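Dear colleague,

I am passing on the structure below for your own work, and my notes on it follow directly after.

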Amino acid sequence: MTPDAPTWGEIEKFLQIDEWTRLPPASRGGPSQRHIFFEKLLDSGELLQTHISHSRGGRSSPGRFALILRNQIKVSRTEF
């Protein structure tokens, strides 16, 4: 991982390790969807949702990654 932002593949690996559920394509718009969707139900009952690009080698901007961590995945950079 770079100090700027991880690749979408690195984010996907984190989601798998953190036990997020990958949603089937049909649940979010069929097989031609532009993103891969994940969700995680917390013990508190809160349902977290996020998505990644099909381009596993691409990466988001550092600002967008910070927003994803804060608003969707809800972990710190250190926890990631």
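The largest nonpolar core, meaning a set of buried Ala, Val, Leu, Ile, Met, Phe, Trp, Tyr and Cys residues joined through side-chain atoms within 4.5 Å, holds 16 residues, and those with the most contacts inside it are Ile-11, Leu-15, Ile-52, Ile-73 and Phe-80. Two or more residues of this core come from each of helix 1 (8-17), strand 2 (35-41), strand 3 (47-53) and helix 2 (62-73), where helices (H or I, at least four residues) and strands (E, at least two) are DSSP runs numbered from the N terminus. Please keep in mind that this is a predicted model, in which local features need pLDDT of at least 70 and side-chain atom pairs count only at pLDDT 80 or more, while totals for chains, interfaces and linings use all residues. Residues are numbered from 1 along each chain as its sequence is written, and side-chain values use heavy atoms, with hydrogens and water left out.

Leaving aside neighbours within four places in sequence, Ile-73 is in contact (heavy atoms within 4.5 Å) with Ile-11, Phe-14, Leu-15, Trp-20, Leu-48, Thr-50 and Ile-68.

As for the chain as a whole, its 2 helices and 3 strands follow the pattern α-β-β-β-α along the sequence. Buried residues (under 20% relative accessible area, with exposed over 50% and partly exposed in between, using a 1.4 Å probe and protein chains only) make up 34% of the 80 residues. Among contacts between residues at least 6 apart in sequence, 50% join residues at least 24 apart. The C-alpha atoms fill a box of roughly 35 × 30 × 20 Å along the principal axes.

Best regards
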